[in-house]
Amino acid sequence: MKNTKLQILSVARTLFNRKGFSNVTIRMIANELGMSSGNLNYHFKTREAILEALYFEMVEVFDARVASLRTQKITMKSIGNDMYSSLERMQDYRFFWTDLYNLLRLSKTIKAHFSEAYNRRVEGCNYLFDYLINQDLMLSFDSTLESDFLIERMIDFSNTWLYNSSVYEKPQNKVYIEKQTHKMLMMLYPYFTSKGKTALKNSFPIL
């Protein structure tokens, strides 16, 4: 049964990514799997139940990364690699991010977790900034408003880059994801000390 559920989620994710969540029905998913709609409904009562399962499948990795931040060795390379990995996983579930507003309205469960995750992302960014400042890699902020605004810009960018890429029909490949990672790193660049800027360029010579 567990294997069947995983197959359903895999096929549903592929169809959602290709056609958009609102354009995919339970029948379409069932047909792709070669099963009846009734059989699929035994595992997932509604299309929204599939959506919630896929959402929590996606964010499991994000939640674990934020939770382990304080136990990991932080370097410029690890920061960039974590950004890339996050954006890459988002691309694997791009149907969610290209229709974020509507899907958050559709599921109270997802919206509640998304709000909690936002707060944890803010806490994670503040921890990262404090660490970089203590390592003389980042300048101290003149006020909390300055750091709050930077965090807000970074989170907003990560939430919307896939939507923007679909609107402007950008290729969603590894090269493009790498470019978006570099954009996020460059948001931090003006706040780095000379030591921090050197460390960033040594880790990512293309910048």
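The exercises below work through a predicted model of a single protein, each with its solution.

**Exercise 1. State the secondary structure content of the protein and its overall extent.**

Step 1. Eleven helices and zero strands make up the secondary structure. Along the sequence, the pattern is therefore written α-α-α-α-α-α-α-α-α-α-α.

Step 2. Along the principal axes, the C-alpha atoms fill a box of roughly 60 × 30 × 30 Å.

Step 3. Of the 207 residues, 40% are buried. Among contacts with a separation of 6 or more, 70% join residues 24 or more positions apart.

**Exercise 2. Classify the ring pair F129 and F141, and place both residues in the chain.**

Step 1. The structure holds ten aromatic pairs. In the pair F129 and F141, the ring centres are 5.5 Å apart, and the planes stand at 40 degrees.

Step 2. Planes under 30 degrees apart would count as stacked and those over 60 as edge-to-face. The angle of 40 degrees fits neither class, so the pair of F129 and F141 is tilted.

Step 3. F129 belongs to helix α8 (residues 108-134), while F141 is in the loop between α8 and α9 (144-167). The pair therefore ties together parts that are twelve residues apart in sequence.

Step 4. Both F129 and F141 are buried.

**Exercise 3. Find which residues form an aromatic cluster, and which charged ends sit over rings.**

Step 1. One aromatic cluster is formed by Y55, F56, F96, W97 and F114.

Step 2. Over the ring of F21 sits the charged end of R47, 4.2 Å from the ring centre. For K77, the ring is that of F204, and the distance to its centre is 4.6 Å.

**Exercise 4. Describe the span, bend and surroundings of α9.**

Step 1. The 24 residues of α9 reach 34 Å from the first C-alpha to the last, close to the 34 Å expected at 1.5 Å a residue.

Step 2. A kink of about 45 degrees is nevertheless found in α9, centred on T160.

Step 3. The buried residues of α9 include L150, I151, M154, I155, F157, S158, W161, L162 and S165. As a general rule, an α-helix has 3.6 residues a turn, so residues three or four places apart point the same way.

Step 4. The cover over the buried residues of α9 includes α5 (76-92), α6 (94-97), α7 (100-106), α8 and α10 (174-188).

**Exercise 5. Identify residues with positive phi on either side of α9.**

Step 1. Most residues other than glycine have a negative phi.

Step 2. D136, in the loop between α8 and α9, has a phi near 60 degrees, a positive value in a residue other than glycine. Its relative accessible area is 46%, so D136 is partly exposed.

Step 3. Just after α9, E169 takes a positive phi of about 55 degrees.

**Exercise 6. Which residues have the most contacts inside the largest nonpolar core, and what does H182 touch?**

Step 1. The largest nonpolar core has 63 residues, and I29, I50 and F96 have the most contacts inside it.

Step 2. Not counting residues up to four places away in sequence, I29 touches I8, V11, A12, L15, F16, V24, L40 and I50.

Step 3. H182 lies in helix α10. Its relative accessible area of 13% is under the 20% limit, so H182 is buried.

Step 4. Leaving aside neighbours within four places in sequence, H182 is in contact with F204, I206 and L207. F204 also carries the charged end of K77 over its ring.

Terms used: Residues are numbered from 1 along each chain as its sequence is written. This is a predicted model: local features need pLDDT of at least 70, side-chain atom pairs count only at pLDDT 80 or more; totals for chains, interfaces and linings use all residues. Side-chain values use heavy atoms; hydrogens and water are left out. Rings of Phe, Tyr and Trp (its six-membered ring) pair if their centres lie within 6.5 Å; planes under 30 degrees apart count as stacked, over 60 as edge-to-face and the rest as tilted. Helices (H or I, at least four residues) and strands (E, at least two) are DSSP runs, numbered from the N terminus. Buried means under 20% relative accessible area, exposed over 50%, partly exposed in between (1.4 Å probe, protein chains only). A charge sits over a ring if NZ of Lys or CZ of Arg is within 6 Å of the ring centre and within 35 degrees of the ring normal. The expected span of a helix is 1.5 Å times one less than its number of residues. The bend at a residue is the angle between axes fitted to the seven residues ending there and the seven starting there. Contact means heavy atoms within 4.5 Å. A nonpolar core is a set of buried Ala, Val, Leu, Ile, Met, Phe, Trp, Tyr and Cys residues joined through side-chain atoms within 4.5 Å.
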